[in-house]
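Visitor: I should like to learn how the features of a protein model are read. May we go through one together, step by step?

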Amino acid sequence: MEKYDVIVVGAGPAGSTAAYYISGLKVLIIDKSDFPRHKACGGGLMSSRDWHLELKNYAKIKDKLTAYSCSSIKIYWNCEYIANRRFKHLFDQISRYEFDNLLLEEALKKDNVTFLKFDLQKIEKMSLKGKSGYTISDGEKNIFATYLVGADGVHSKVSKFLGNPALKSHQTGYCLECDIVCEKKDLDVHVVAGYLREIGYGWIFPTAEGYQVGVGIVRKPGRDLQYYLDNFIKWTIKKKILPEQHEIKRTFGGALPLKVVKTYCTNNIMLCGDAMGLIKVLTGEGIYYAMRSGKIAGLTLSQNRDNLKKNYKKKMRPLIWDTFLTPYIPPKIFTLAFWTLFFRVAKIFDRLTVLRGLNVFVDFFMRMAMHRKKFQGQSYYRDEKIKIEKY
Ligand SMILES: Cc1cc2nc3c(=O)[nH]c(=O)nc-3n(C[C@H](O)[C@H](O)[C@H](O)COP(=O)(O)OP(=O)(O)OC[C@H]3O[C@@H](n4cnc5c(N)ncnc54)[C@H](O)[C@@H]3O)c2cc1C
């Protein structure tokens with residue numbers, strides 16, 4: 001039987017980053033897909049101007065990436081315009097097809113890392129020559145490793161093996177997105193919260209070749225997701241954001257985990273990224289958290305293996321807090337009534353000159369979305385440096 005020190009399950013941003021940061025151990029990274037592969041995602045790398053300062057693998061790929069830089073946003077509540085804001089930089093929009101492949105290539109440049117297309121079906125605890133570990137199987141082949149890193153996304157089999165139950169519908173974002181090729185005139189990011197009175201939002205991100213349009217809804221939506229997306233695209237055309245002449249290149253569905261799982265590590269297994277439910281609940285942002293948790297998993301395995309569980313938990317805690325209290329505040333409290341009140345008050349504050357300087361609503365919302373709690377230092381995204389302008 002093939003034997004490794006570590007098997008990283010999943011070659012998305014979490015898995016590739018974990019593999020990149022593991023040193024001194026023989027690593028196999030597996031994925032059920034051939035790369036490059038598409039992944040349902042808006043592709044917004046929030047606050048990415050500073051990522052190279054803390055993520056070495058991102059620093060290596062950033063100049064090779066085809067990215068579209070976005071710096072202004074218009075916010076709506078159920079199609080009603082609320083406010084706009086401009087920044088020096090908001091996010092870079094990238095294609096996950098290209099991004100994930102570049103990250104995997106970077107991990108595979110390391111001598112200790114290899115890749116195998118392998119659809120994990122089963123995990124078993126076992127001992128091999130007196131060494132305890134795990135065998136993974138795809139139904140035909142078995143591979144052994146002492147440690148597992150579960151970076152296999154929202155429907156993680158590694159997380160299930162650790163006993164975590166499937167997410168409930170109020171802990172899940174149901175999403176459908178499409179890539180649109182067209183002439184691009186409107187360069188703003190548009191975010192339509194509470195679209196058709198569902199919790200979640202519709203988004204329009206300018207991309208290198210047109211727009212990325214999508215809808216994400218928390219709790220199982222009342223109708224088919226395609227209905228919301230079609231309806232949303234019609235609205236964006238009516239608003240003259242999207243031109244009548246456009247081509248929908250690809251439509252893709254996916255889910256977002258909105259709760260950190262109860263057991264995300266033991267002394268031999270660590271979860272990261274979507275597999276552990278590490279998503280900023282306010283925005284649905286997950287790429288940064290996937291990479292940061294991958295880095296922490298990789299470094300912990302390389303440097304602090306003796307008490308893996310304790311060390312990983314200690315390093316993960318600030319990152320979990322940064323995702324806006326998801327493990328502690330049940331998403332249930334963010335009801336439609338809560339958000340309706342929030343955006344209505346935000347709109348009033350934005351319109352009345354006397355209250356404008358006090359618009360803690362829109363500005364707080366934006367700061368929460370962009371700010372990195374534990375990553376300050378030289379960062380341009382430190383609270384006091386985020387310049388927010390109305391236009
Ligand atoms: C529609 C949508 C829009 C989004 N927009 C944004 C955005 O704009 N910005 C942002 O930051 N985040 C966004 N996210 C969230 C972001 O996509 C995720 O948080 C991110 O992809 C998590 O990375 P990951 O590496 O943990 O998991 P993934 O990227 O999901 O990678 C998991 C990998 O594991 C593999 N895998 C799964 N099961 C197995 C198995 N059994 N055996 C082998 N391999 C397996 C998969 O093939 C996959 O390659 C969005 C999500 C959705 C659904």
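Guide: Let us begin with a term that the discussion of loops requires: helices (H or I, at least four residues) and strands (E, at least two) are DSSP runs, numbered from the N terminus. Please note also that this is a predicted model.

Visitor: How many helices and strands are there in the chain?

Guide: The chain contains 11 helices and 15 strands. It has 391 residues, of which 45% count as buried. Among contacts between residues at least 6 apart in sequence, 69% join residues at least 24 apart.

Visitor: How does one decide whether a residue such as F115 is buried or exposed?

Guide: One counts the other C-beta atoms within 10 Å: 20 or more make a residue buried, and 12 or fewer make it exposed. F115, which is found in strand β6 (residues 113-117), has 20 C-beta neighbours inside 10 Å and therefore counts as buried.

Visitor: Which residues is F115 in contact with, leaving aside its neighbours within four places in sequence?

Guide: They are A11, I29, L104 and L108. Separation in sequence and separation in space should be read side by side. F115 and V27 are 88 residues apart in sequence, yet their C-alpha atoms are 8.6 Å apart in space.

Visitor: May we apply that reading to another strand?

Guide: Consider I180, whose place is in strand β10. This residue is buried because it has 22 C-beta neighbours inside 10 Å. From I180 to T251 there are 71 residues in sequence and 9.2 Å in space, C-alpha to C-alpha. Not counting residues up to four places away in sequence, I180 touches G210, Y211, V213, L242, H246, E247, I248 and K249.

Visitor: What is to be looked for in a nonpolar core?

Guide: In soluble globular proteins, nonpolar side chains tend to be buried together. Here the largest nonpolar core has 107 residues, and V6, I7, V8, A18, I29, V149 and C272 touch the most other members. Helix α7 (residues 287-303) gives the most to this core, namely eight residues. The core lies between domain 1 (2-43 + 96-167 + 259-322) and domain 2 (170-256), because both give residues to it.

Visitor: Which residues is C272 in contact with, beyond its neighbours within four places in sequence?

Guide: C272 is in contact with A14, A18, V149, A151, A290, S293, G294 and A297.

Visitor: How should a helix such as α7 be read?

Guide: An α-helix has 3.6 residues a turn, so residues three or four places apart point the same way. In this model, α7 has 17 residues and reaches 24 Å from its first C-alpha to its last, close to the 24 Å expected at 1.5 Å a residue. The helix is mostly covered, since 14 of its 17 residues are buried.

Visitor: What surrounds the ligand?

Guide: There are 40 residues around the ligand, and the closest are G10, G12, G42, G273 and G286. By class, this shell has 17 nonpolar, 14 polar and nine charged residues. Among the elements that each supply at least two residues of the shell are α1 (13-21), β2 (27-31), β10 (172-181) and α7. Domain 1 and domain 2 both give residues to the shell, so the shell lies between them.

Visitor: Which features of the backbone deserve a second look?

Guide: Most residues other than glycine have a negative phi, and most peptide bonds are trans. In this model, a cis peptide bond joins F35 and P36, with omega about 0 degrees. P36 is found in the loop between β2 and β3. Phi is positive at S47, near 55 degrees, and at K240, near 65 degrees.

Visitor: Where are S47 and K240 placed, and is each buried or exposed?

Guide: S47 lies in the loop between β3 and α2 (51-54), and it is buried because 23 other C-beta atoms are within 10 Å. K240 lies in the loop between α6 (225-238) and β14. With 10 C-beta neighbours inside 10 Å, K240 counts as exposed.

Visitor: What may be said of I279, which is also found in a loop?

Guide: I279 is in the loop between β15 (269-271) and α7. It has 25 C-beta neighbours inside 10 Å and so counts as buried. I279 and L258 are 21 residues apart in sequence and 6.1 Å apart in space, C-alpha to C-alpha. Apart from residues up to four places away in sequence, I279 touches several residues, including L256, L258, D274, Y289 and T323.

Note on methods. Residues numbered from 1 in each chain as written. Predicted model: local features only at pLDDT ≥ 70, side-chain atom pairs only at ≥ 80, totals over all residues. Core = buried A, V, L, I, M, F, W, Y, C linked by C-beta atoms within 7 Å. Domains from an automatic or database assignment. Contact = placed C-beta atoms within 7 Å. Near = placed C-beta within 6 Å. Nonpolar A, V, L, I, M, F, W, Y, C, P; charged D, E, K, R; others polar. Expected span 1.5 Å × (residues − 1).
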